[in-house]
Amino acid sequence: MHADFTVTGMSCTSCSARVERKLNKLPGVRAEVNYATETASVDFDESVDPKTITDTITKLGYGSKRQPEIMPRLIVAAVSTVVLMALMFAPHRWMAIAQLPFALLVYFYSGWLFHRNTLKGQLTMDTLVTLGTTAALVYSLMHMHWGWPPVAHGHVYFDAVGMITTSLLLGKLLEHRAKNRSSAAFRELLNLGAKQAVLVDGRTVPVADLRVGDVFVVGPGEKVATDGRVVRGSSEVDESMLTGESLPRAVAVGDDVAGATLNTVGSLEVEATRVGEDTVLAQISALVAGAQQKAPVQRLVDQISRFFVPTVIAIALVVAFFDVPSAVAVLVVACPCALGLATPTALLVGTGRAAQLGLLIKGPQVLEQSRKVDTVVFDKTGTVTSGELTASLDCEDAAVVGGVALQHCDVVELVAAAESGSEHPVARALVRYAQQNCGNQWREWEVSDFTALPGLGVRARVAHPALGVVCVEVIRGVISVNGVLVARVSARDSLKPTSKQAIDLLKADGVEPVLLTGDSAAVAQAVAAEVGIDRVWSEVMPDEKLDVVRTLQDQGRVVAMVGDGINDAAALAQADVGIAMGSGTDVAIEASDITVLNSDLRGVDTALRLSRATVRTIRGNLFWAFAYNVLLIPVAAAGLMEPMWAGAAMALSSVFVVTNSLRLRRF
């Protein structure tokens, strides 16, 4: 079984690591705790009571209650710090006495957010903050007692207590706001769906109460309540929230529609086909949430944090033997909040931005692999091409049947009427051609004696308004009416409009495109030439596609496979990165690492570039976080940085990391 739990009250990655360790010690429980999203993703056996999990979290001092508001405590700290700084200019005799009540107010009220976590008996980043401010406060009180009347300015650090607490609270506030902003795309996904549905009998019910088979009404301007199939009406549906496609899609009886998409003009009656967690929106939300799980690099950071705190405390104790203020500065400057935020914030922003661009990334490890890709293998049908045949008619000049000269649309309509009873791809292409070029009036004509001729074509009798009942034959691409040759049919699988541009983008980025298809060599070479692909594998059976991917990998290539069909699933799973088109089969999407919702091939290049940008951001964050601690701990230990400025520097480091991650929103 699987469930997600909200874990509130965590202040850093040491907290999340502690909760994770405790949960994983429970029999039959496997947990991952994410500090950035404040969630625990838990798999557990059926014998495990979920209450056991929540009780374990609660016993550790965490829970589902919201953390105390930061803003009031920040205001108190900021005002008190201004007063503390102003009192530094008071006569030295009274300065410390005047500062003391403000320092105590800041320490006990504003600093409680840090102290309460320390009192839980665990070594976290907040432990360093508590130790730093406590050391500054106690050191100053000792000087007041032993040096009465108060000693000269510079021997008390009440102002440092205020500056440290204020700086850290400001940093924490900005971090919370940044985390909320960076995960906005995920929260928007969860809020996209309709809240209520109107059934055909007039009842209004919550969407959560819908069941498969229920028929509901969708009026103009309303959201589709859940995934379903149109059973009555026609309209245009705005699917931009799912696919990124700006133009609405025309839908009619028999067409599928996705929940949370927007009905624009007509009224529809829709039969629910998928509800709850089975809907497209729910699956997207699950994928985006899954992408917030820890990357391998984040696991390393969590492990480092566990040992970092005691190491810093040890350094501070050694320094304290020589210079107590420097030891205080070491404790404050060492708090590696930036280290804890470096990876999760970049992942949150990167995967959230991907969702906005119509890309679903299944996990953080996909980002790491995607940035290394140097070869992209494309399936042809449905990926590079549309997967739908495009038909056209070349009509004979002055074709006369029964004394009537046939015009182009006369022939097109006769063929469409005759082919309307066939499910053959060419027949469907001819029907679409008629609808696009000559309308739908032929649908009213009576068709009889329809005969499908396997491997040849069709024959049917059509009641034409001017010609009467005529025999229409479409045999091996030749069209005849009452035995008179009237036209020839040509059909081909057309390229997607953006395929060539997508290939050009990949080649410009130094990635080699490869075409892989089961079609004949002649067809494959023709398509490859149109889009600019030089390397082609043709006449490849589905099970052989996997072998082609393996061959490329054996050559040292990092391979991404792009496909949309069941026959691509094995190759998608074998590839270093599997990329499925959103229009593809569920099997292909399940086997892939990235899904391009709008099926635009340019999304492949976008996914690779976004992956590289996200990994660069993570590495930049980690470099800054490590460099900050490596450089400033020795500076503080050497007595070159006062505790007050150590707190400001630490807060600035965290804000820098979060701000750097937010730059990905402009990708």
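How many helices and strands are there in the protein chain? The protein chain has 24 helices and 27 strands, helices being DSSP runs of H or I of at least four residues and strands runs of E of at least two, numbered from the N terminus. The model is predicted, and local features need pLDDT of at least 70 and side-chain atom pairs pLDDT 80 or more, while totals for chains, interfaces and linings use all residues. Residues are numbered from 1 along each chain as its sequence is written, and side-chain values use heavy atoms, with hydrogens and water left out.

**Figure 1. The whole protein chain.** Of its 667 residues, 51% count as buried, a class defined by under 20% relative accessible area, with exposed over 50% and partly exposed in between (1.4 Å probe, protein chains only). The protein chain exposes about 29,700 Å², of which carbon and sulfur atoms supply 57%; accessible areas come from the Shrake-Rupley method with a 1.4 Å probe, and for residues only the protein chains shown count as cover. Among contacts (heavy atoms within 4.5 Å) with a separation of 6 or more, 67% join residues 24 or more positions apart.

**Figure 2. Strand β4 and its two partners, β5 and β6****.** Strand β4 (residues 196-199) has A197 and L199 on a covered face, and Q196 and V198 on an uncovered one. Three bridges join β4 to the antiparallel strand β5 (residues 204-206); two strands pair if DSSP finds at least two bridges between them. V198 has T204 of β5 as its bridge partner. The two strands form a hairpin with four residues between them, and G202 in the turn has a positive phi of about 95°. β4 also pairs in the antiparallel sense with strand β6 (residues 215-218) over two bridges, where F216 is the bridge partner of L199.

**Figure 3. The open sheet of six strands and helix α16****.** The strand order is β15-β22-β21-β20-β19-β18, with antiparallel pairing. β15 (385-395) and β18 (447-453) stand at the edges with a single partner strand each, so one side of each is left without a neighbour in the sheet. Neighbouring strands are turned by 20° against each other on average, direction ignored. Within the sheet, β20 (residues 468-475) and β21 (residues 478-481) are joined by four antiparallel bridges, and V472 is partnered by V481 in β21. Helix α16 (residues 408-419) lies across β15, β18, β19 (457-464), β20, β21 and β22 (484-495), and runs at about 115° to β19. Axes are lines fitted to C-alpha atoms, for helices over the stretch in contact, and angles run from 0 to 180 degrees between N-to-C directions.

**Figure 4. Contact of helices α18 and α23****.** The axes of α18 (residues 499-508) and α23 (residues 602-637) come within 7 Å and cross at roughly 25°. The two helices are therefore roughly parallel to each other, a term for angles under 35 degrees (over 145 is roughly antiparallel, 65 to 115 roughly perpendicular and the rest oblique). Q501, A502, L505 and L506 in α18 meet R602, V604, D605 and L608 in α23. The contact residues divide into five nonpolar, one polar and two charged, where Ala, Val, Leu, Ile, Met, Phe, Trp, Tyr, Cys and Pro count as nonpolar, Asp, Glu, Lys and Arg as charged, and the others, Gly among them, as polar.

**Figure 5. Surroundings of V596 in strand β27****.** V596 counts as buried, at 1% relative accessibility. Residues that V596 touches include G358, L359, I579 and V604.

Notes:
Lists of a residue's contacts leave out its neighbours within four places in sequence.
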